[in-house]
Amino acid sequence: MAKSKLIKANKKIENGVVGSYKKIEDTVVGSYKKVENKFVDLYLTRDGESVEDAQKRLSQENKKRREDLEKQKHQH
């Protein structure tokens, strides 16, 4: 019986800690996304391009840049 009370108490603590962490994580990630989207909108979009389109374009450019660097590494 004592073990079951300890297990139940630990489970409550675990759920509280995990729940709190999840809330903090969601808040931080959400805030970061807002800042990121605002930065892309202000500085990285081209004429008539949406934030989502700019992010896709930037991702593709970054991927190509990394591939080119890998090719250069292997050539030397």
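## A buried arginine in α2

Let's start with arginine 57, which is buried, its relative accessible area being just 13%. This is a predicted model, so keep that in mind as you read on. Arginine 57 has a charged partner: its side chain meets that of glutamate 61 in a salt bridge, at 3.3 Å from N to O. The two sit 4 residues apart in helix α2, which puts about one helical turn between them. Glutamate 61 comes out as partly exposed, because its relative accessibility is 30% and the buried class stops under 20%.

That pair isn't on its own, either. Salt bridges with shared partners tie Arg46, Glu49, Arg57 and Glu61 together into one network.

## The rest of helix α2

Helix α2 covers residues 51-75, 25 residues in all. From first C-alpha to last it reaches 36 Å, close to the 36 Å you'd expect at 1.5 Å a residue. Besides Arg57, the buried residues in α2 include Val51 and Ala54.

Further along, lysine 64 and aspartate 68 make a salt bridge with their side chains, 3.4 Å from N to O. Both belong to α2 and are 4 residues apart, or about one turn of the helix. Aspartate 68 counts as partly exposed, with 29% relative accessibility. Why does this kind of spacing suit side chains that meet? An α-helix has 3.6 residues a turn, so residues three or four places apart point the same way.

## A salt bridge in helix α1

Over in helix α1, lysine 11 forms a salt bridge with glutamate 14, and their closest N and O atoms are 3.5 Å apart. Here the spacing is 3 residues, again about one turn of the helix. Both partners are partly exposed: lysine 11 has a relative accessible area of 45%, and glutamate 14 has a relative accessibility of 40%.

For the whole structure, the count comes to 8 salt bridges.

## One aromatic pair

What about the rings? The structure holds 1 aromatic pair. It's made by phenylalanine 39 and tyrosine 43, whose ring centres are 5.1 Å apart. Their planes meet at 45°, so the pair is tilted; stacked would need an angle under 30 degrees, and edge-to-face one over 60.

Both rings belong to helix α1 (residues 2-44), 4 residues apart, so to speak about one turn of the helix. Phenylalanine 39 counts as partly exposed at 43% relative accessibility, whereas tyrosine 43 is exposed at 57%.

Notes. Residues numbered from 1 in each chain as written. Predicted model: local features only at pLDDT ≥ 70, side-chain atom pairs only at ≥ 80, totals over all residues. Heavy atoms only, no water. Expected span 1.5 Å × (residues − 1). Buried < 20%, exposed > 50% of the residue type's maximum accessible area, 1.4 Å probe, protein only. Phe/Tyr/Trp six-rings, centres within 6.5 Å; stacked < 30°, edge-to-face > 60°. Salt bridge = Lys/Arg side-chain N within 4 Å of Asp/Glu carboxyl O.
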